[in-house]
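Student: I have a new model to read. Can we go through it together?
Tutor: Yes. Here it is.

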Amino acid sequence: MMIWQRITCFLAVEIWIALLYYSPVALADIWICTEEEARSAETVVATANSWDQVYQQFRRYAHCDDGAIAEGFSESISFLLAEQWPDIQQLGAILISHSAFQEFVIKHIDETVPSRRLECIVRNVRERCPQGLEDICHEIETEVIQALSLAE
């Protein structure tokens, strides 16, 4: 009987570790954002200038995604979608293996983003969507339209 308890405990720990590694958004409600993490996140999330940087910050600070930090993520994500559109392929490559990040990106296309930037993003997805990324472009367009309607 003792061996089965150990195996069960081991499997539970392994599942927990896998969840922590693969799904920071799913566990964001469980993780506590410390004051130090919040300060650190607040200083960096709005300054990401590549999808790789946003992804790394997502991995590190998704559990702090609230208030000013959430607005910082929205700032970086919307900037990249509006001003760094040629880098959309980099986003597509990350999304292939990290679906939680796709949900996170879409979530941060919101009414806190300036209307002019949202309009630029919708032009990009309508006129410049690369082949193979049509699904994500459609999701982005849907979110932009919703954010624009909320901003009015």
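Student: How much area does the protein expose, and what share of it do carbon and sulfur atoms supply?
Tutor: This is a predicted model, where local features need pLDDT of at least 70, side-chain atom pairs count only at pLDDT 80 or more, and totals for chains, interfaces and linings use all residues. Residues are numbered from 1 along each chain as its sequence is written, and side-chain values use heavy atoms, with hydrogens and water left out. Accessible areas come from the Shrake-Rupley method with a 1.4 Å probe, and for residues only the protein chains shown count as cover. The protein exposes about 9300 Å², and the carbon and sulfur share is 54%.

Student: How many helices and strands does the protein have?
Tutor: Both are DSSP runs, numbered from the N terminus: helices are H or I with at least four residues, strands are E with at least two. The count is eight helices and zero strands.

Student: Is Gln102 buried or exposed?
Tutor: Gln102 sits in helix α6. Buried means under 20% relative accessible area, exposed over 50%, and partly exposed in between (1.4 Å probe, protein chains only). Gln102 has a relative accessible area of 19%, so it is buried.

Student: Which residues does Gln102 contact, leaving aside its neighbours within four places in sequence?
Tutor: Contact means heavy atoms within 4.5 Å. With those neighbours set aside, the partners of Gln102 are Leu95, Ile136 and Glu139.

Student: How far apart are the end C-alpha atoms of helix α4?
Tutor: The expected span of a helix is 1.5 Å times one less than its number of residues. Helix α4 (residues 67-83) has 17 residues, so it should span 24 Å. The model agrees: the end C-alpha atoms of α4 are 24 Å apart.

Student: Which helices do the buried residues of α4 pack against?
Tutor: Buried residues of α4 include Ile69, Phe73 and Leu80. The buried residues of α4 pack against α2, α3, α5, α6, α7 and α8.

Student: At what angle do α3 and α6 pack?
Tutor: Axes are lines fitted to C-alpha atoms, for helices over the stretch in contact, and angles run from 0 to 180 degrees between N-to-C directions. The axes of α3 and α6 are 11 Å apart. The angle is about 100 degrees.

Student: Which residues of α6 make the contact with α3?
Tutor: From α3 come Trp51, Val54, Tyr55 and Phe58. From α6 come Ala100, Phe101, Phe104 and Val105.
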